[in-house]
Amino acid sequence: SSWVLPGGTNSLFTTYLLEALRGDARTLGDGYVRAFDIFRHVSENVPKHAPGAQHPLFKAAMREDFPVAIISR
C-alpha cells in the first residue's frame, strides 16, 4: 500500500521520488542524482507523513551508487 494525502495527486512514495529526481534530495553536489540519494530522500520523508504505515525498502545487488538523473538548475 502507498498513502495518498487528501488533495494529493500522487502517492507519498511517488511525490518524494519525483522530488529526488528533480534534484531536491541531498546529493554529492556534482550535478547528478544517484540511486542512494533517491532512496535516502524517499525513506526519510515518506514515514514522516505516513507514520507507522509506510516504510520504503531498497533491495538491489549493486556494486556502486550510479547516477539516475542530471540536475538541470
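Visitor: How many aromatic pairs are counted?
Guide: In this predicted model, local features need pLDDT (confidence per residue, 0 to 100) of at least 70 and side-chain atom pairs 80 or more, while totals for chains, interfaces and linings use all residues. Numbering starts from 1 along each chain as its sequence is written, and side-chain values use heavy atoms, without hydrogens or water. With rings of Phe, Tyr and Trp (its six-membered ring) pairing if their centres lie within 6.5 Å, the number of aromatic pairs is 2.

Visitor: What is the angle between the planes of F36 and F58?
Guide: The centres of the F36 and F58 rings are 5.3 Å apart. The pair is classed as tilted (stacked is under 30 degrees, edge-to-face over 60, tilted the rest), with the planes at 50 degrees.

Visitor: How many residues apart in sequence are the parts that this pair of F36 and F58 ties together?
Guide: F36 belongs to helix α2, whereas F58 sits in the loop between α2 and β2 (DSSP runs: helices H or I of at least four residues, strands E of at least two, numbered from the N terminus). The pair therefore ties together parts whose separation in sequence is 22 residues.

Visitor: Which residues do ring pairs link into a cluster?
Guide: F36 is partly exposed at a relative accessible area of 34%, and F58 is likewise partly exposed at 33% (buried is under 20%, exposed over 50%, partly exposed in between; 1.4 Å probe, protein chains only). Ring pairs join these two residues with F39, giving a cluster of F36, F39 and F58.

Visitor: How many residues apart in sequence are R26 and E44, which form a salt bridge?
Guide: There are 3 salt bridges (a Lys or Arg side-chain nitrogen within 4 Å of an Asp or Glu carboxyl oxygen). In the bridge of R26 with E44, the closest N and O atoms are 2.5 Å apart. R26 lies in the loop between α1 (12-21) and β1 and E44 in helix α2, so the parts tied together have a sequence separation of 18 residues.

Visitor: Is D37, the salt-bridge partner of R40, buried or exposed?
Guide: The closest N and O atoms of R40 and D37 are 2.8 Å apart, and both residues lie in helix α2, about one turn apart. R40 is partly exposed at 27%. D37, at 4% relative accessibility, counts as buried.

Visitor: Which residue's backbone oxygen does the side chain of N45 reach?
Guide: N45 is found in helix α2 and is buried, with a relative accessible area of 14%. At 2.8 Å, its side chain reaches the backbone oxygen of H41.

Methods: Polar contact = N/O pair within 3.5 Å; in protein donor to acceptor, adjacent residues only side chain to side chain.
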